[in-house]
Amino acid sequence: MNTKSLIAALAVGAIGFAGAAMAHEMDTDEDGLYSLIEMRTEYADLTEVDYAALDTNQDEAVDAQELAAAIADGQLAPM
């Protein structure tokens with residue numbers, strides 16, 4: 001791995017870590033799930049329809065994997 005690749009990989013990892021930390025802060029009841037109300041603290045314009053689309057397993061809550069997938073897919077802006 002050359003130096004530029006290593007720096008890029010470290011930057012991506014740092015951004016992911018920062019996003020995970022912010023996601024943890026968004027989970028105010030610390031249940032490991034993100035309700036629509038919790039998500040609106042970071043994504044104020046998130047609608048019920050948008051939220052339902054993020055909930056890919058249809059359990060009426062967004063979990064960490066669904067949140068990460070939504071950010072990776074560009075459905076949500078990185079935190």
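## Contacts and core of a predicted chain

Setting aside neighbours up to four places away in sequence, Glu-66 makes contacts with Leu-54, Asp-55, Thr-56, Asn-57 and Ala-61 in this predicted model. Glu-66 lies in helix H4, where its side chain is buried without a salt bridge. The nearest side chain of opposite charge is that of Arg-40, at 16 Å, and a salt bridge would need the charged atoms to be within 4 Å.

Helix H4 also takes part in the largest nonpolar core, to which helices H1, H2, H3 and H4 each supply at least two residues. This core has 15 residues, among which Met-39, Leu-46, Leu-67 and Leu-76 touch the most other members. For Leu-67, the contacts beyond four places in sequence are with Ala-23, Met-26, Tyr-34, Met-39, Val-62, Leu-76 and Met-79.

The helices that supply this core span the following residues.

| Helix | Residues |
|---|---|
| H1 | 3-26 |
| H2 | 36-39 |
| H3 | 48-54 |
| H4 | 64-72 |

Over the whole chain there are four helices and two strands, and these follow one another along the sequence in the pattern α-β-α-α-β-α. Of the 79 residues, 27% count as buried, while the accessible surface of the chain comes to about 5500 Å², with 60% of that surface belonging to carbon and sulfur atoms. Among contacts in the chain with a separation of 6 or more, 35% are between residues 24 or more positions apart.

Methods
Residues are numbered from 1 along each chain as its sequence is written. This is a predicted model: local features need pLDDT of at least 70, side-chain atom pairs count only at pLDDT 80 or more; totals for chains, interfaces and linings use all residues. Side-chain values use heavy atoms; hydrogens and water are left out. A nonpolar core is a set of buried Ala, Val, Leu, Ile, Met, Phe, Trp, Tyr and Cys residues joined through side-chain atoms within 4.5 Å. Buried means under 20% relative accessible area, exposed over 50%, partly exposed in between (1.4 Å probe, protein chains only). Contact means heavy atoms within 4.5 Å. Lys and Arg count as positive and Asp and Glu as negative; His and the chain ends are not counted. Accessible areas come from the Shrake-Rupley method with a 1.4 Å probe; for residues, only the protein chains shown count as cover.
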